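Please walk through this structure with me, from a pair of side chains to the whole chain and then to a few single positions.

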Amino acid sequence: MSAYRSVVAGLIGGAVGTLAMGQYWTRVAPLLQGDSGSGGGSEQPKKDEHSISVIGQQHQPGESSTAAIGRVAYEKAEGHAPGKQTRAALSEAVHWGMGVGSGALYGALAGRGNPVKGAAFGVGLWALVDEGIVPLLGLQDGPAGTPARGHANRLGAHLTYGLALGVTALLLGALLPED
């Protein structure tokens, strides 16, 4: 499969993976963890006692990392905090951008889709980005600030993303016309 076709399959697979991840958070995560820990909170940030951030805490209490990225970018661009609806839209845009962009990266790196490669890619994203880069940038609490079930849930969400990405890219690789 050509690099172009692999990237297109990865882009579309990333969108399907992002949908699947959303379903994981809606249907599976609540069964494994009483509350999702998500919320937009307007209260003042509390110091993260478990922070590993090199630039300080950027997230607000109860704020997801995607919401924090969207809010911080908006504040830098506009000079004030976004409203509640804008925060929610920004969080979704960051989430989808990361999902689709990561899918394109998967397509470029993996070539032909494969559920096992997709699952490994999802686990790699969880380990590198969710457990490493995000806390280092202060976009969520440090690893010790989250219960084990929270880490397991995020791993499950990324595994779901990767499996859906890999299966979709595999199917699209077989369906897309040759160059």
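Is tryptophan 25 buried, partly exposed or exposed? The model is a predicted one, and in it tryptophan 25 has a relative accessible area of 30%, so this residue is partly exposed. Buried would require a value under 20%, and exposed a value over 50%. Its partner in sequence, tyrosine 24, has a relative accessibility of 8% and therefore counts as buried.

The structure contains 2 aromatic pairs. One of them is formed by tyrosine 24 and tryptophan 25, whose ring centres are 5.7 Å apart. The planes of these two rings make an angle of 85 degrees, and the pair is edge-to-face. Planes over 60 degrees apart fall into that class.

Now the chain as a whole. It has 5 helices and 0 strands, and reading along the sequence gives the pattern α-α-α-α-α. A compact globule of 179 residues would have a radius of gyration near 16 Å; the value for this chain is 17 Å, so the two agree. Along the principal axes, the C-alpha atoms fill a box of roughly 55 × 35 × 30 Å.

Of the 179 residues, 39% count as buried. The chain exposes about 9500 Å², and 65% of this area is supplied by carbon and sulfur atoms. Among contacts between residues at least 6 apart in sequence, 73% join residues at least 24 apart. As for charge, there are 12 positive and 13 negative charges, and their mean positions lie 3 Å from each other.

Four positions show how parts of the chain meet. Valine 100 lies in helix H3, which spans residues 84-110. With a relative accessibility of 24%, valine 100 counts as partly exposed, because the value is not under the 20% cut-off for buried. Setting aside residues up to four places away in sequence, valine 100 touches Leu11, Gly14, Ala15 and Thr18. The C-alpha atoms of valine 100 and leucine 165 are separated by 9.6 Å, with these positions 65 residues apart along the chain.

Helix H4 covers residues 115-136 and includes aspartate 130. Lysine 117 also has its place in helix H4. How do these two compare in burial? Aspartate 130 has 8% relative accessibility and so counts as buried, whereas lysine 117, with a relative accessible area of 41%, is partly exposed. Beyond four places in sequence, aspartate 130 touches Leu125, Pro135, Gln140, Arg154 and His158. Under the corresponding exclusion of neighbours within four places, lysine 117 is in contact with Tyr106, Ala110 and Arg112. The C-alpha atoms of lysine 117 and glycine 162 are 7.9 Å apart, although the two residues are 45 residues apart along the chain.

Which loop holds proline 143? Proline 143 is found in the loop between H4 and helix H5, the latter being residues 148-175. Its relative accessible area is 31%, so proline 143 is partly exposed. Residues up to four places away not being counted, proline 143 touches Ile52, Glu131, Pro135 and His151. Pro135 is thus a contact of aspartate 130 and of proline 143. The C-alpha atoms of proline 143 and alanine 9, 134 residues apart along the chain, are separated by 33 Å.

Conventions
Residues are numbered from 1 along each chain as its sequence is written. This is a predicted model: local features need pLDDT of at least 70, side-chain atom pairs count only at pLDDT 80 or more; totals for chains, interfaces and linings use all residues. Side-chain values use heavy atoms; hydrogens and water are left out. Helices (H or I, at least four residues) and strands (E, at least two) are DSSP runs, numbered from the N terminus. The radius of gyration is taken over C-alpha atoms; the globule rule is 2.2 Å times the number of residues to the power 0.38. Buried means under 20% relative accessible area, exposed over 50%, partly exposed in between (1.4 Å probe, protein chains only). Contact means heavy atoms within 4.5 Å. Accessible areas come from the Shrake-Rupley method with a 1.4 Å probe; for residues, only the protein chains shown count as cover. Lys and Arg count as positive and Asp and Glu as negative; His and the chain ends are not counted. The place of a charge is taken as NZ of Lys, CZ of Arg, CG of Asp or CD of Glu. Rings of Phe, Tyr and Trp (its six-membered ring) pair if their centres lie within 6.5 Å; planes under 30 degrees apart count as stacked, over 60 as edge-to-face and the rest as tilted.
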